[in-house]
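The following exercises are to be worked with the sequence and the coordinates at hand. Each task is followed by a solution in steps.

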Amino acid sequence: MSDFLRYRQIHLDFHTSEQLPNIGGEFDGAAWAQQLVDAHVDSITCFARGHHGMIFYETQAHPERRHPHLQTNLLAEQIEAGHARDIRVPIYTTVQWDYYTAQQEPEWLQVAADGSIQGQKPYEAGFYAKLCLKTPYVDLLTAHVDDMFALLPAIDGLFFDIVQDQDCSCTVCRQEMLARGIDPSCDAERQRFGQEVTDRFKQEMSAHVRSRSRDCTIFYNSGHVGPRQRATGEAYSHWEIESLPSGGWGYMHFPLSQRYARTTGHDGLGMTGKFHTSWGDFQSYKNEAALQYECFQMLALNAKCSIGDQLHPTGRLDQATYDLVGPVYREVARKEQWCRGATPVTDIGVYNVEEFSGERLTAETVGAVRMLQEGGHQFDVVDSETRWDGYRVLILPDAVTLDEKIAHKVSNYLAAGGKMIASFESGLTPDRSDFALPAWGVRKTGDGPVDACGGLVRGRDFAKGDYVDYLRAEGGLAGGLRNTEYVMYMRGLEVAAVEGTEILARMVPAYFDRTWQHFCSHRQTPSSGELAGPAAARTGEVIYFAHPIFRQYNQNAPRWCKQLLLNALDMLMPDPVLRHGGPSSVLTAVNEQAVENRWVVHLLHYVPERRGQDFDVIEDVLPLYDIGVSLRLPGPVAGVRCVPGGETLGFKEAMGRLSFAVPKLEGHQMVEIALG
Ligand SMILES: [Zn+2]
């Protein structure tokens, strides 16, 4: 993985209305840069042009867009002041949201299939009308880029914001679709065309930027990094995962996306915000423990850090914000030498269901990420483009159907000694008629019951448990579970074991499903106690669960669903990279720094809590003491110590594992394992 980004970045929003006075009037470059240096900031993304469409430097190409009350050549002075203190200053400009252009050139706006303007409506406050990347607006953007290269000091990088897949029925798009034999009235065809328009914009813009600069960074932001972004990854120099936990992304988006992004070969950073809520939330401050957690998790998961802020219209940085950022970035500065060039040591690949659904946070993948994090496992999130040969176990959560290409890849992976856990519909052919490969050891026997409207009930959540069944685990799969059967709220797939398949758990049906004609008590009908077909089965190195255990865990986190998964992993992989004796709220990461010949173990303990209706917060650091850690030994160990503090830890080597105890975990602790 390439590794060139700075670790301590600020993304300095500046979406500033044309109706505000005195823009940059209090900007003092030397004082501004000193505030950043004092807060240990080493890169700050500053604005050429924000969503209001106003420009914040002395433009020649677009004088009509220069902010009317700009008091100084703000962006140019920011770049010079930053460079004087060895601070990178990449440049932000907006793409699909531009209020000024939307007002001046309404024929460049994206049009929805119903003929309405996409995004912002005329009588709503905001700049969210979306511009079309098939119109002459792109020429304006290209001229804007040329203007910046002509007039601004050395350009470190360009951050193009709001570059999302289009679904546009404007005149230009419709004419082009018709000329190419695409039916614009067909949603799927039109959306595919829209994706192509966005992809081509990125590729052509990057080629243009490269004609001006061989090495400036280039990023296109759509608020996410996943399989869609990877498809045009060569247009990007790196990833920036915008993920403000309190701003709609939640605390699962960053770890899931980063575990995927880090497999693609690009260096990347995580981007949170200093705000209590989200962008534009002036004079609000995230709790310090939360900012620590978000930044230190970025380090643990091999990303650099970026914190979003918004500059006051006068150009004055808010000192209270940098009093919050400073102590966190001072710690990042102390820690980063144990992060530079580090690559994750992983056992498991989790298939990203986003590849099929297009959703950023699919229930199945989130459920899997949560269970594995809570189980202390080391894993990446992968898709059909990822190399799988480094993973000991591949997990296909609930909804990974196998077309010919993926089935072939799975066969090769298993033939090479790979192990697999699959659940529910994972492994079925795309038409869901039966399993694609004999390796699953089961065959589908039916589609199961339907609801009153004729819809299949399997895998769906019913508030009253209308269609539950029960599961009784046996042998190794029953470890840590009570000697009983457990309710499975979402109905499983009906399967039968083929000869030679080992049954690990049995289905136990309820007496009947809950309908208006027959029901019992407040919720699901009780168990009939009669053992039926397989609920979990093993063939060779493949374990299959008939229930959507990952989707279920994302829904209401039944501990038994997690226990079933962790037990299955123990059966396939009794020697995971890491085990620890701390609570399930501890997050772990194991990284290798090959150049330094060492491993670095990260332990994090911050507990998000839903204290208000809107989002989770973290206020306190909850220290933990004497946490036992065991590692699958990477080689002869020269020493174990806490870093950056330096406290040496005693350790033991036995049965191929290294064990030690971390005396105190106060938020985040790294442990260096020196090898050789
Ligand atoms: Zn269009």
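**Exercise 1. Determine which residues of H4 are buried, and what covers them.**

Solution. The model is a predicted one. Begin with the accessible areas along H4: the buried residues are Tyr-137, Val-138, Leu-140, Leu-141, His-144, Val-145, Asp-147, Met-148 and Phe-149. Next, look for what lies over these residues: the cover includes strand S2 (43-49), strand S3 (91-94), H3, S4 and helix H6 (187-212).

**Exercise 2. Test whether the length of H4 agrees with its number of residues.**

Solution. The expected span is 1.5 Å times one less than the number of residues. H4 has 15 residues, so a span of 21 Å should result, and the end C-alpha atoms are indeed 21 Å apart.

**Exercise 3. Describe the surroundings of S4, one of the elements that cover H4.**

Solution. First, count the buried positions: 5 of the 5 residues of S4 are buried. Second, separate the two faces: Gly-157, Phe-159 and Asp-161 lie on one side, Leu-158 and Phe-160 on the other, and both sides are covered. Third, identify the paired strands. S3 pairs with S4 in the parallel sense over 4 bridges, with Thr-93 opposite Phe-160. Strand S5 (residues 217-220) also runs parallel to S4 and is joined to it by 4 bridges; here Phe-159 has Phe-219 as its bridge partner.

**Exercise 4. Establish the geometry of the zinc site and its place in the chain.**

Solution. Start with the donors: the SG atoms of Cys-132, Cys-168, Cys-170 and Cys-173 coordinate the zinc ion at 2.3 Å. Four donors count as tetrahedral if all angles lie between 85 and 135 degrees. The angles subtended by the 4 donor atoms run from 99 to 116°, so the arrangement is tetrahedral. For reference, the ideal angle for four tetrahedral donors is 109.5 degrees.

Then turn to the sequence, where the donor residues follow the spacing C-x35-C-x1-C-x2-C. Cys-132 belongs to the loop between helix H3 (99-104) and helix H4 (137-151), and Cys-170 to the loop between strand S4 (157-161) and helix H5 (171-179); the pair therefore ties together parts that are 38 residues apart in sequence. Both Cys-132 and Cys-170 are buried.

**Exercise 5. Characterise the nonpolar cores.**

Solution. The largest nonpolar core has 105 residues, among which Trp-32 and Phe-160 touch the most other members. Helix H9 (residues 288-300) supplies the largest share of this core, 9 residues. A second, separate core holds 74 residues, including Leu-256, Val-353, Val-366 and Ala-505. To complete the picture around Trp-32, list its contacts beyond four places in sequence: among them are Leu-12, Phe-27, Ile-44, Cys-46 and Leu-317.

**Exercise 6. Contrast the environments of Ser-43 and Ile-421.**

Solution. Ser-43 is found in strand S2, and Ile-421 in strand S13 (residues 419-423). Buried means under 20% relative accessible area. Ser-43 has a value of 0% and is therefore buried; Ile-421, at 0%, is therefore buried as well.

Now examine the contacts beyond four places in sequence. Those of Ser-43 include Arg-6, Arg-8, Gln-9 and Ile-10, together with Ile-87, Arg-88 and Pro-90. Those of Ile-421 include Val-393, Leu-394, Ile-543, Phe-545 and Leu-565. Finally, take the C-alpha distances: Ser-43 and Arg-8, 35 residues apart in sequence, are 6.4 Å apart in space, while Ile-421 and His-11, 410 residues apart in sequence, are 40 Å apart in space.

How values were computed: Residues numbered from 1 in each chain as written. Predicted model: local features only at pLDDT ≥ 70, side-chain atom pairs only at ≥ 80, totals over all residues. Heavy atoms only, no water. Core = buried A, V, L, I, M, F, W, Y, C linked by side-chain atoms within 4.5 Å. Buried < 20%, exposed > 50% of the residue type's maximum accessible area, 1.4 Å probe, protein only. Contact = heavy atoms within 4.5 Å. Donors = N, O, S within 2.8 Å, 3.2 Å for Na, K, Ca; no water. Tetrahedral: all angles 85-135°; square planar, octahedral: opposite > 155°, others 65-115°. Pairing = 2+ DSSP bridges.
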